[in-house]
Amino acid sequence: MDAKTNTKSATLTVDGKSFELPIHSGTVGPDVIDIGKLYAQSGMFTYDPGFTSTGSCQSKITYIDGDAGILEYRGYPIEQLAEKGDFLETCYLLLYGELPTKAQKAKFDALVTNHTMVHDQMSRFFQGFRRDAHPMAVMVASVGALAAFYHDSTDINDPKQRDIASIRMIAKIPTLAAMAYKYTIGQPFVYPTNSLDFAANFMKMCFAVPCEEYKVNPVLAKALDKIFTLHADHEQNASTSTVRIAGSSGANPFACIAAGIACLWGPAHGGANEAALQMLAEIGTVDKIPEFIAKVKDKNSSVRLMGFGHRVYKNYDPRAKLMQQACHEVLKETGHGGDEMLAVAMELEKIALSDQYFIDRKLYPNVDFYSGITLKAMGFPTSMFTVLFAVARTVGWISQWSEMIGDPQQKIGRPRQLYTGAARRDYVDIAKRA
Ligand code: CMC
């Protein structure tokens, strides 16, 4: 264990019997009370649905201080990485723990670039989907299917094979994402272009058609690269925890990432940007905002301000500030500067930030508040928003999975429960049941 065990400990007293619980400290952030031996000692479990007070692992990858609005990858603030670096540099950092040297960066970029093509049989696999399939459904299936194509990178006990699997996923998942999009709009797949950088190549695979020359807009490609960096990792969120739990049984890494994609799809997680955009469209004009805010505050309605609030951030999500900046850059470039939706978003943000309901509950804009408008202006349809999130988050999932598999203390994830069902009763023959 790398965490420091404190000299202080916690004492839990139940029915006059006391249990000493060790306390560990990380590098920064709150200490944790170690309850690992509590059941053996006391016969009791702890209860924490939604894991609001539970740390599930030790990790050296990402640090969040939700109260201060801080996000760091391997100690580097997200603001600096998004402003000064590029997405593949962040990938290297998340995977290997340090920023690359110039030579390491060039080698890594070439490695990812040279693995972007997927097996040609994949295109036949796609033909089995309905034309109107949601691209996230296609992603869950096609990323899981990679397990059937790359047997030489699935021995998880071999660090070299783990590395090959990681590179393959970072490189090929964007290709599958673009294929998922092309398939649903009935256009031919566009092969990757190795001379382009990561984001530009992705844009070309999504937007080029064989009958026309496609020139990548560098402003949009740079903004997309920044969006990928902002979404690259976010410590033990729902989809990452899903990947870790799936991987803790020793399951195939491609299948574990497919599980993460499935979890990301939900509207409380990666699907929120799609929901936020729908909400802005429904509000329509600035004068309708007070009516909408009243609905959000009404306890009898289930309406939420999408793109607001976060389980961890009780302050402005640092990614939201950078996303707002990227949004302005993209809208200026695409000529949507006076977009009504942007006007609604900005006014909504202003009103919500000064409203007591939101202040009391510490609800601030999260990364999804501006990402929908930005991606829409770039030309992506709403159904692709969460797919883009998955493309970016792949590196975070893979880094966390790799860290877990490489940890000698790793165990299968197996929570317990508070059983509230029927107590033991005897089987009644069907003829005798009322
Ligand atoms: N609009 C209105 N009220 C809200 C909102 C919201 N977006 N979010 C939370 N609340 C209220 C909630 O009604 C509750 O009020 P009360 O105490 O009066 O009952 C209080 O705030 C606490 O809410 P909670 O649901 O217990 O908080 P949580 O930590 O379980 O939920 C959340 C976090 C992100 C699921 C939630 O804030 C939410 O549903 N937000 C909208 C969806 C969204 O934008 N999700 C993207 C998250 S960031 C990207 C990602 O991680 O994928």
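# A tour, stop by stop

Start by selecting Glu235, which sits in the loop between α9 and α10 (238-248). The labels come from DSSP runs, numbered from the N terminus: helices are H or I runs of at least four residues, and strands are E runs of at least two. You are looking at a predicted model, in which local features need pLDDT of at least 70 and side-chain atom pairs count only at pLDDT 80 or more, while totals for chains, interfaces and linings use all residues. Residues are numbered from 1 along each chain as its sequence is written, and side-chain values use heavy atoms, with hydrogens and water left out.

**Two loop residues with positive phi**

Stay with Glu235 for a moment. Its phi is near 40°, a positive value in a residue other than glycine. Most residues other than glycine have a negative phi. Glu235 counts as partly exposed, at 24% relative accessibility. Here buried means under 20% relative accessible area, exposed means over 50%, and partly exposed is in between (1.4 Å probe, protein chains only).

Now select Arg74, in the loop between β5 (70-73) and β6 (76-77). Arg74 is not a glycine either, yet has a positive phi of about 50°. With a relative accessible area of 22%, Arg74 is partly exposed.

**Helix α9 and on to α10**

Next, select residues 218-230, which make up helix α9. Its 13 residues should span 18 Å at 1.5 Å a residue, and the end C-alpha atoms are 18 Å apart, which agrees. (The expected span is 1.5 Å times one less than the number of residues.) How much of α9 is covered? Mostly covered is the answer, with ten of the 13 residues buried; among them are Leu220, Asp225, Lys226 and Phe228.

At the start of α9, show the side chain of Asn217. One of its oxygens reaches to within 2.8 Å of the backbone nitrogen of Val219. This is a polar contact: a pair of N or O atoms within 3.5 Å, where, within protein, one must be able to donate a hydrogen and the other to accept it, and residues adjacent in sequence count only if both atoms are side-chain atoms.

Moving on, Arg244 lies in helix α10 and is buried, with a relative accessible area of 8%. Draw a distance from Arg244 to Leu220: the two are 24 residues apart in sequence and 33 Å apart in space, C-alpha to C-alpha.

**Helix α4 and its faces**

Select residues 102-113 for helix α4. The twelve residues reach 16 Å from first C-alpha to last, close to the 16 Å expected at 1.5 Å a residue. The buried residues of α4 are Lys105, Phe108, Val112 and Thr113. Look down the axis of α4 and these buried residues fall within an arc of 130°, so they line one face of the helix; the arc is taken from the directions from the helix axis to the C-beta atoms. Which exposed residues does the face turned away carry? Ala103 and Lys107 are found there.

Just before α4, select Gly97, in the loop between α3 (87-96) and α4. Gly97 is buried, with a relative accessible area of 17%. Add Ser399 to the view: Gly97 and Ser399 are 302 residues apart in sequence, but 9.5 Å apart in space, C-alpha to C-alpha.

**Two buried side chains**

Select His24 in strand β2 (residues 17-25). His24 counts as buried at 9% relative accessibility, and a polar contact of 2.8 Å joins its side chain to that of Asp34.

Then go to Asp317, in the loop between α13 (289-297) and α14 (318-334). Asp317 is buried, with a relative accessible area of 0%. Its side chain reaches the backbone nitrogen of Val367 at 2.9 Å.

**The ligand**

Finish by selecting the ligand and the 20 residues around it. A residue is near if one of its heavy atoms lies within 4 Å. Which residues come nearest? They are His269, Lys299, Arg304, Leu305 and Gly307. The shell divides into nine nonpolar, six polar and five charged residues. (Ala, Val, Leu, Ile, Met, Phe, Trp, Tyr, Cys and Pro count as nonpolar, Asp, Glu, Lys and Arg as charged, and the others, Gly among them, as polar.)

Now look for three atom pairs:

- A ligand oxygen is 2.7 Å from an N or O atom in the side chain of His269.
- A ligand nitrogen is 2.8 Å from a polar backbone atom of Leu305.
- A ligand oxygen is 2.9 Å from an N or O atom in the side chain of Arg311.

Taken alone, the ligand exposes 940 Å², and the protein buries 74% of that. Accessible areas come from the Shrake-Rupley method with a 1.4 Å probe; for residues, only the protein chains shown count as cover.

Conventions
Expected span 1.5 Å × (residues − 1).
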